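This text walks through the strands and helices of one model, sheet by sheet. Keep the structure open beside it while reading.

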Amino acid sequence: MTRTKVWTADPSNCQEDNLAEAALLLQQGAVVAFPTETVYGLGADARNSAAVARIFEAKGRPSDNPLIVHIASQTQLEELVLPYSQLVQKLMDAFWPGPLTIVLPVRSNRLSPLVTAQLPTVGVRIPDHPVALSLLRKADCPVAAPSANRSGKPSPTAAEHVISDLTGRIDGVVDGGVTGVGLESTVIEVAEDDTVTILRPGGVTEEELRAAAGDARIKSALTVIDEAAAPRSPGMKYTHYAPDGQLQLVQGEQSSVMAYMQSEVDAARKRGEKTALLVFEENTGLVHADCIASLGSREQLQEGAHRLYAALRYFDQEGIERIWSECCSRQGIGEALMNRLLKAAGNNVFHV
Ligand code: TXA
Ligand code: MG
C-alpha cells in the first residue's frame, strides 16, 4: 500500500512552483495523476520502465495496450519520433495544445518499450490544460499517461474519481478540479499517402479534422475492427467505461424510446432491481426511476460528453443494477459520445 498524496492546483492561477513536489516525484520514478482538458491521466516518466510498469500495475491494464506520451511543447518531439510530413505538422499546429493524439513512428531507445507495447509507433499529444502544462514543463520529461481509472472503469473527470479508483496504489494526485471535454482525446494515425485514420473518436471532431486537413482523406477505423485480428489501436478491443450496472442503449423515435424505458424500469423495479436512466435534459421530467442523470441538452452534445463518466460513476455509487440510456446524433462530438456509450453498454442497443 502506497500513501497517495493529494495536491491542489488552481487552473486559473497555476504556477510551476506549486507543482514542484509532484514534478520531483515524477522525475524520481513515481506515478502521479493530473488533470488534462479531456480526463485525468496517470503519469510516469516515459523513459523509465520501472515507473511505467507501475502505471500498468496500478490500473490493472493489459501490457499490450500502449500509452499516450504527453509533452509540453513541439520541441520535445524531435527526440522521440522520426521526421514527419507537412500534413502532420499542420494538424499539430491546428490542434495542439488540445485533445488530439497523433500516432507517429518512434525513435529507438528513447522511450520505455512498455509505453509503446512493442509497437514501432508512439501516440503523442500536448494537453490543453494549464496544470498539465505546468507539471510537464517542471518535470521536464515526456510523461506517459493513460486515463487514471482502474482498467475497464469510466475515465476520471474529477480528482475524486481518481482517488476512489487508485488511492493506495499511486504516489499522488494533482487536483485541478473537473476536466472540460470529459471524453478522451481523438487518436489518429497519418499514413505515408497522407490518409488520416481516426483510431479513436474523441475531443477533436471529424468535422474539425476535415476542415484543418485540406484535401487529405480521412477515414474511421471503427468500421474495420475485427476482434480476432490485431486491432490498429490496441485499446479498442478491451471492455471500457463500463458501470457496475447493466447498461442498455435505446434507439428510435423519442416517444417510443421514453415509453420503452419506462416500461423496462417499471418491470425491473417490480423484480426489486435498482434502476437508473441517462436522458437528455429535455426528457428528464418525462420518465421516473430510482436515479435519473441528465446529459444536458440534446442540442449541446459537448455537455453530454462533459457529464457522461461522472453520471456512470454516480450510478455505481448508488448501487444501480439496471441502466437505460438515450442515444445521440453522431454529429460533431456526438460521434465520440456514442462510441463511449456503446462501449459502456457492451454494444447492447435496443431499437424501438
Ligand atoms: O485524452 C486522453 O487521451 C487521455 C488523457 C490522459 O491524455 N488519455 C487516454 O489514454 O485516454 P488511454 O491509455 O486511456 O487511451 C490511449 C488510447 C488507447 O486506445 C491506445 O490503444 C491508443 O490510445 N494508443 C496509444 N498508443 C498507440 C499506438 N502507438 N498505436 C495505436 N494506438 C495507440
Ligand atoms: Mg483509458
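What follows takes the two sheets in turn, together with the helices that pack on them. The model is a predicted one.

Begin with the sheet of 11 strands. It is an open sheet with mixed pairing, and the strands run across it in the order β1-β8-β2-β3-β7-β4-β6-β5-β9-β10-β11. Strand β1 (5–8) and strand β11 (218–220) are the edge strands; each has a single partner strand, so one side of each has no neighbour in the sheet.

Within this order, β5 lies between β6 and β9. Strand β5, residues 100–105, is mostly covered, with 5 of its 6 residues buried. On one side β5 pairs with strand β6 (residues 121–125) in the antiparallel sense, over 4 bridges. Here proline 105 is opposite threonine 121 of β6. The pairing of β5 with β9 also has 4 bridges, but its sense is parallel. In that pairing isoleucine 102 faces isoleucine 188 of β9, and valine 103 has glutamate 189 of β9 as its bridge partner.

How many residues of β9 are buried? The count is 5 of 5, so β9 is largely enclosed by the rest of the structure. In a regular strand, side chains alternate between the two faces of the sheet. In β9 both faces are covered: Thr186, Ile188 and Val190 are buried on one side, and Val187 and Glu189 are buried on the other.

The next strand along is β10. Strands β9 (residues 186–190) and β10 (residues 196–200) run antiparallel and are joined by 4 bridges. Two pairs of residues can be picked out in this pairing. Valine 187 has arginine 200 of β10 as its bridge partner, while isoleucine 188 is opposite isoleucine 198 of β10. Isoleucine 188 thus appears in two pairings, since isoleucine 102 of β5 also stands opposite it. Strands β9 and β10 form a hairpin with 5 residues between the strands, and in this hairpin aspartate 194 has a positive phi near 75 degrees.

Now turn to the helices on this sheet. Helix α1 (residues 20–27) lies across β1, β2 (32–34), β3 (41–45), β7 (143–144) and β8 (172–175), and its direction is at about 135 degrees to that of β1. Helix α2, residues 49–59, also packs on the sheet; it touches β3 and β7 and makes about 155 degrees with the direction of β3.

Helices also pack on one another. Two packed helices are described by the angle between their axes and the distance between those axes. For α1 and helix α6 (residues 130–139), the angle is about 50 degrees and the axes are 8 Å apart. The two helices are therefore oblique to each other, and their crossing is right-handed. Helix α1 contributes Ala20, Ala22, Ala23, Leu26 and Gln27 to the contact, and α6 contributes Leu135, Lys138 and Ala139. By type, these residues are 6 nonpolar, 1 polar and 1 charged.

A second helix pair is formed by α4 (residues 86–95) and α8 (residues 206–213), which pack at about 125 degrees with their axes 10 Å apart. That angle makes α4 oblique to α8. This crossing is right-handed. From α4 the contact takes in Leu87, Lys90, Leu91, Ala94 and Phe95, and from α8 it takes in Glu208, Leu209, Ala212 and Ala213. Of the contact residues, 7 are nonpolar, 2 are charged and none is polar.

The other sheet is open as well and has 5 strands, in the order β14-β13-β15-β12-β16, with parallel pairing. Strand β14 (291–294) and strand β16 (349–351) are at its edges; each has a single partner strand, so one side of each is without a neighbour in the sheet. From one strand to the next, the twist averages 20 degrees.

Inside this sheet, strands β13 (residues 275–279) and β15 (residues 322–326) pair in the parallel sense over 4 bridges. Leucine 278 has serine 325 of β15 as its bridge partner. Helix α9 (residues 254–270) lies across β12 (246–251), β13, β15 and β16, running at about 175 degrees to β15. Helix α10 (residues 301–317) crosses over β13, β14 and β15, at about 170 degrees to β13.

Methods: Residues numbered from 1 in each chain as written. Chains lettered and ligands numbered in written order. Predicted model: local features only at pLDDT ≥ 70, side-chain atom pairs only at ≥ 80, totals over all residues. Heavy atoms only, no water. Axes fitted to C-alpha atoms, helices over the stretch in contact; angles between N-to-C directions. Parallel < 35°, antiparallel > 145°, perpendicular 65-115°, else oblique. Left-handed = near helix turned anticlockwise from the far one by under 90°. Contact = heavy atoms within 4.5 Å. Nonpolar A, V, L, I, M, F, W, Y, C, P; charged D, E, K, R; others polar. Pairing = 2+ DSSP bridges. Buried < 20%, exposed > 50% of the residue type's maximum accessible area, 1.4 Å probe, protein only.
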